[in-house]
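Here is a friendly tour of how two chains meet and of the spaces found around them. Have the structure open beside you as you read.

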Protein chains: 2
Amino acid sequence: MARQPIPTLSRRERQIMDIVYARGEASAAVVHEQLPDPPSYSAVRALLAILVDKGHLKYRAEQGRYIYSPTRRRSQVGRSALRRVLDTFFEGSLEKAVAALLQGSDANLSPEELARLGQLIEQARHEGR
Amino acid sequence: MARQPIPTLSRRERQIMDIVYARGEASAAVVHEQLPDPPSYSAVRALLAILVDKGHLKYRAEQGRYIYSPTRRRSQVGRSALRRVLDTFFEGSLEKAVAALLQGSDANLSPEELARLGQLIEQARHEGR
DNA sequence: ACCGGCATGCTAATAAATTAGCACGCATGG
DNA sequence: CCATGCGTGCTAATTTATTAGCATGCCGGT
């Protein structure tokens with residue numbers, strides 16, 4: 001059975017989803033080795049089955065094993081996750097979030113990325129008007 | 001007792017931390033009414049006590065009740081949460097994240113915010129050089 | 001001074017998450 | 001053809017999270 005209405009993931013479930021999203025797709029073995037403080041292989045597969053059941057993951061058989069991937073598009077889930085962080089920590093303001101990131105002690109952004117980012121903003125300004 | 005090494009929060013704990021971070025501080029009653037699918041008041045207070053015990057929240061007595069607030073600075077935790085989202089969904093690229101946000105269907109940013117953001121980027125470019 | 005309301009701390013029950021182990025099936029190579 | 005390795009599904013046990021209820025203490029009003 002599958003339900004989706006409540007995006008209520010447990011701790012382990014979230015960890016696994018993060019891994020799968022970060023990699024795009026992953027086998028049970030990969031998830032297992034990426035998991036922090038990893039439980040048994042068996043436990044990982046049980047979690048994967050739950051996530052499939054809940055409708056968050058799908059899988060395809062490839063070379064005798066299952067390769068899992070998210071059912072919802074990464075960009076969409078990412079946007080919503082980003083919004084949540086913005087709302088929770090930066091009063092919904094992208095500007096404040098970027099400012100915080102830029103103030104990070106260690107080096108963050110390459111000049112190239114900054115340039116592209118600036119271009120992006122300019123473009124949005126013109127379009128928005 | 002307090003431990004901190006593993007920032008492993010349960011579902012409810014995370015929900016509560018989000019509420020407290022979003023508001024800066026909150027009483028048990030406020031947390032209770034903000035919680036989605038709220039349990040009893042009693043349950044909420046138990047969770048708050050656990051979070052204090054784990055070292056994520058502190059409280060001060062005010063007007064006979066406890067006002068809870070995070071022990072770690074919001075900006076710092078926010079930055080780390082932001083990084084996590086970037087790494088998980090946008091290959092660590094702030095640029096890609098902003099792009100995704102700008103593409104959001106509904107209205108997102110005011111022209112003013114875009115302007116300030118652009119300024120911020122420019123400033124970073126000059127400083128970084 | 002007494003009562004009612006509200007907030008706390010504690011304790012114990014219930015529900016959910018997390019884990020491990022086992023049995024079966026398919027492919028590979030001796 | 002049979003044994004071995006690897007992957008799966010299932011089931012059941014344990015640990016953790018979540019919840020509710022109760023006893024106590026403080027404050028303000030009658």
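Which helix gives the most to the lining of the largest pocket? H1(A) does, with nine residues. (Helices are DSSP runs of H or I with at least four residues, and strands are runs of E with at least two, numbered from the N terminus.)

A word on the basis: this is a predicted model, where local features need pLDDT of at least 70 and side-chain atom pairs count only at pLDDT 80 or more, while totals for chains, interfaces and linings use all residues. Residues are numbered from 1 along each chain as its sequence is written, chains are lettered from A and ligands numbered from 1 in the order in which they are written, and side-chain values use heavy atoms, with hydrogens and water left out.

**The pocket and the cavity**

On a 1 Å grid over the protein atoms alone, a pocket is an open set of points with protein on both sides within 12 Å along at least five of seven lines; a cavity is a set where a 1.4 Å probe fits but cannot get out, and lining residues have an atom within 4 Å of a point. Points are joined across faces, edges and corners, and a volume is the space filled by probe spheres set on them.

The largest pocket holds about 2000 Å³ of space. Its lining has 49 residues, and the closest to its centre are A:Arg14, A:Asp18, A:Arg84, B:Arg14 and B:Arg84. Helices H1 (11-23) and H4 (74-89) of chain A, along with H1 and H4 of chain B, each supply at least two lining residues.

The structure also holds two cavities of 30 Å³ or more. The second largest has a volume of about 30 Å³, and its lining includes A:Leu82, A:Val98, B:Leu82 and B:Val98.

**Where the chains meet**

Contact (heavy atoms within 4.5 Å) takes 46 residues from chain B and 46 residues from chain A. Together the chains bury about 4400 Å², 67% of it on carbon and sulfur atoms; this is the accessible area (1.4 Å probe) lost on being put together, summed over both. B:Phe89, B:Glu95 and B:Leu101 supply 15% of the area that chain B buries against chain A, more than any other three residues.

Six salt bridges link the chains, each a side-chain nitrogen of Lys or Arg within 4 Å of a carboxyl oxygen of Asp or Glu. One of them joins A:Arg74 and B:Glu91 (2.8 Å, N to O).

**Linings by class**

Ala, Val, Leu, Ile, Met, Phe, Trp, Tyr, Cys and Pro count as nonpolar, Asp, Glu, Lys and Arg as charged, and the others, Gly among them, as polar.

| Lining | Nonpolar | Polar | Charged |
|---|---|---|---|
| Largest pocket | 23 residues | 11 residues | 15 residues |
| Second largest cavity | eight residues | no residues | no residues |

Methods. Buried area is the accessible area (1.4 Å probe) that two parts lose on being put together, summed over both.
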